[in-house]
Amino acid sequence: MTTWTPDPSFYPSPRMAMQAPPERLAYVAMLNTDTTARPDALGVVDVDPGSSGYGRIISRLDMPNVGDELHHFGWNACSSALCPYAPHPHVERRYLIVPGLRSSRIHIVDTKADPAHPKIVKVIEPEQLAARANYSRPHTLHCGPEGIYVSALGNGEGNGGGPGGVFLIDHEAFDVLGQWEIDRGPQFLSYDLWWHLGQDTMITSEWGTPDMIEDGLNPELLLGAKYGRRVHFWDLHRRRHRQSIDLGPEYQLALELRPAHDPTKAHGFMNAVVNLKDLSSSIWLWHRDGGQWAMRKVIDIPAEPADPDQLPPILKGFKAVPPLVTDIDLSLDDRWLYVSCWGTGEMQRYDVSDPFRPKLTGSVRLGGIVGRSRHPSAEGELNGGPQMVEVSRDGKRVYFTNSLYRSWDEQFYPAGIKSWMVKLDASPEGGLSIDERFFLRFDDGFRGHQIRLEGGDASSDSYCYP
Amino acid sequence: MSDAWQWLALIGLGAFHGVNPAMGWLFAVALGLQEGRRGAVIKALPPIALGHALSVLVVVISFTMVQLVTAPDLLKPAMVTVLIGLGGYRLLRGYRHRVRVGMRTGFAGLTLWSFLMASAHGAGLMLLPLLLGMLAPAQLMALSLCGPGAEMTSTIAALGSAAAGLAVVLVHMAAMLAVIAIVGLVVFETVGLGILRRGWVNFDLVWAGALIGTGIGLLLLG
């Protein structure tokens with residue numbers, strides 16, 4: 001699969017990637033709530049406004065087994081293949097690597113022959129993952145200069161415990177190469193990973209071990225401040241733990257990591273889902289401070305007062321609906337940060353030109369625990385709320401779905417989430433508007449999770465050149 | 001092959017190695033862009049050329065040792081096997097990079113990186129046929145100077161080879177350094193990185209082809 005010139009979807013810099021042609025297809029992980037009857041699937045969505053099938057699923061690739069819980073996924077290779085210290089420019093962005101978060105099974109999906117009808121070409125079984133890397137529950141993955149890096153929530157013992165960490169997969173043969181860490185220091189909980197290639201630094205965040213999350217959000221663990229709240233900084237090449245930053249015990253669930261795309265910048269954003277004192281969510285900025293990394297809170301999103309009758313049991317006592325910021329995404333020009341408030345049903349847009357002082361410039365409400373805000377093209381109230389968000393390379397289109405994680409969905413939306421995917425238009429001045437032509441209702445039983453755009457998107461690639 | 005042609009071929013191979021983005025000019029450009037100044041590009045070039053030259057030097061020394069103790073009729077088939085074997089292996093296996101050198105590396109790191117890249121690609125091995133033409137005569141000349149049976153023969157032969165070998169390494173390095181400097185600075189100053197998207201042909205394939213072609217050429221030239 002080696003090519004004569006680089007894959008046309010690889011770009012040396014984020015600036016050049018913003019000139020890429022608009023995506024025509026989106027791939028979306030589809031969880032099946034009836035886990036014993038039907039497998040999860042990868043949906044292919046038509047996102048070409050000129051097509052008659054715009055905003056609809058045009059094909060569905062069923063997984064070979066039931067109960068995977070498809071969640072996050074990504075490409076085998078991307079723009080980081082152009083990096084100067086490990087150049088592989090003639091591999092192709094061709095395979096989607098699709099892990100099952102619950103089953104620990106990893107599917108390799110070929111999109112080349114017919115991008116609208118991808119095919120599974122290889123499956124890595126959980127036993128292989130455990131034997132080669134001693135990990136389970138693969139979560140986030142990123143195509144790096146030296147292979148595919150995947151975070152994992154659990155150990156390979158099969159006991160639901162930790163430590164979780166990072167493992168490597170070869171980006172051509174798709175063999176699990178082994179555990180990434182040489183010295184993990186105090187790191188135990190795992191969730192997201194990404195890096196600053198220009199700083200030779202990897203960053204990881206914390207959720208919980210499989211036994212802390214798989215049966216739902218555990219109120220005892222939450223109130224006991226047992227969920228993840230630290231961010232870890234690593235030497236990317238020596239694979240050693242360098243520094244931890246603890247947000248403090250009240251900040252629970254330190255999840256998504258969005259480093260600046262420009263490799264000369266050394267900052268990024270992370271969301272903490274819930275503050276135990278007031279149920280607020282917060283966005284944190286990490287940055288260089290002398291020879292060390294530092295973090296500070298730059299956005300606070302308060303909980304909204306609510307009638308307990310409208311709240312699920314887990315929230316009744318609080319008389320408020322928390323924003324539950326479960327995902328964020330940063331545009332390729334590092335200027336716009338999108339923030340999903342899954343609880344209140346709001347998608348926010350911030351201008352982060354000055355990363356220390358973000359300015360809220362746009363907001364759209366859809367769904368939400370109490371708000372149930374409507375979409376102009378859909379009948380009735382919506383449930384679920386903005387969750388996995390993806391921004392196009394040119395920064396003009398924003399897509400998101402409304403499901404988080406099956407057992408957590410049931411806690412916060414006990415009526416059961418009816419899943420949808422929508423698209424927003426992002427104006428250059430900072431506003432956000434709903435594309436009325438785009439409202440995708442998933443079939444009953446399916447819930448949409450992460451979206452990947454054809455050719456790459458704002459959270460798929462990393463760059464070694466400014 | 002005349003003496004002049006051999007040196008020209010040596011310079012040509014230096015240029016070929018230098019023009020490959022994966023051999024270092026791209027790294028120099030990246031460091032220049034990271035720091036936003038041309039000086040960083042220029043500063044990165046000497047260690048990259050040095051690492052490359054050290055890798056070639058290892059091959060030259062190995063060749064000198066081997067040819068001093070090996071019958072000439074065994075030398076050529078061995079070289080043909082090495083060249084075609086490495087080229088074929090690279091065609092089938094591709095190139096894997098697991099170097100622990102990143103973007104914030106210094107002189108030593110760049111030298112090490114360049115040494116490893118040149119060695120993994122078989123940069124020095126590509127010079128084998130030229131070494132045969134350039135180092136063996138040096139040894140013969142030393143032999144003729146001393147006359148057969150002279151006591152100093154082997155020492156002078158080795159010195160002759162060493163001088164010729166050093167010249168080979170230095171000329172190759174100079175050619176490579178000149179090309180990475182020119183290409184790196186032109187890309188940094190004027191052309192820009194967009195060239196990578198269109199102009200970065202698969203040097204790995206060309207390189208493997210060059211190794212195999214050199215091996216076959218050596219075989220055919222008898």
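Which residue in E13(A) is the bridge partner of A:His196? In this predicted model, the bridge partner of A:His196 is A:Thr201, which belongs to E13(A). The two strands concerned, E12(A) and strand E13 of chain A, which covers residues 201-204, pair in the antiparallel sense, and four bridges join them.

That pairing is part of a wider arrangement in chain A, where four strands form an open sheet in the order E12-E13-E14-E15 with antiparallel pairing. Strand E12 (193-196) and strand E15 (240-246) of chain A stand at the edges of the sheet, and because each has a single partner strand, one side of each is left without a neighbour in the sheet. If direction is ignored, neighbouring strands of this sheet are turned by 25 degrees against each other on average.

Two loops of chain A hold backbone features that can be picked out residue by residue. In the loop between strand E9 (147-155) and strand E10 (165-169) of chain A lies A:Pro163, and the peptide bond that leads from A:Gly162 to A:Pro163 is cis, with omega near 0 degrees. In the loop between strand E3 (57-62) and strand E4 (74-75) of chain A one finds A:Glu69, a residue that is not a glycine and nevertheless has a positive phi of about 55 degrees. As background to both features, most peptide bonds are trans, and most residues other than glycine have a negative phi.

From chain A the reader can turn to the place where chain B meets it. Here 29 residues of chain B are in contact with 37 residues of chain A, and the two chains bury about 2,900 Å² between them, with 59% of this area on carbon and sulfur atoms. Of the area that chain B buries against chain A, 24% is supplied by B:Arg100, B:Arg197 and B:Trp200, which is more than any other three residues supply.

As for polar interactions, the count of salt bridges between chain B and chain A is zero, whereas 14 residue pairs are found in polar contact across the interface, with both residues of each pair at pLDDT 80 or more. On the side of chain B that touches chain A, the elements that give two or more residues are helix H2 (25-35), helix H5 (107-121), helix H8 (194-199) and helix H9 (203-221) of chain B. Of these, H2(B) gives the most, with five residues. Taken by residue class, the side of chain B that touches chain A divides into 18 nonpolar, five polar and six charged residues.

Terms used:
Residues numbered from 1 in each chain as written. Chains lettered and ligands numbered in written order. Predicted model: local features only at pLDDT ≥ 70, side-chain atom pairs only at ≥ 80, totals over all residues. Heavy atoms only, no water. Contact = heavy atoms within 4.5 Å. Buried area = accessible area lost by both parts, 1.4 Å probe. Salt bridge = Lys/Arg side-chain N within 4 Å of Asp/Glu carboxyl O. Polar contact = N/O pair within 3.5 Å; in protein donor to acceptor, adjacent residues only side chain to side chain. Nonpolar A, V, L, I, M, F, W, Y, C, P; charged D, E, K, R; others polar. Pairing = 2+ DSSP bridges. Axes fitted to C-alpha atoms, helices over the stretch in contact; angles between N-to-C directions.
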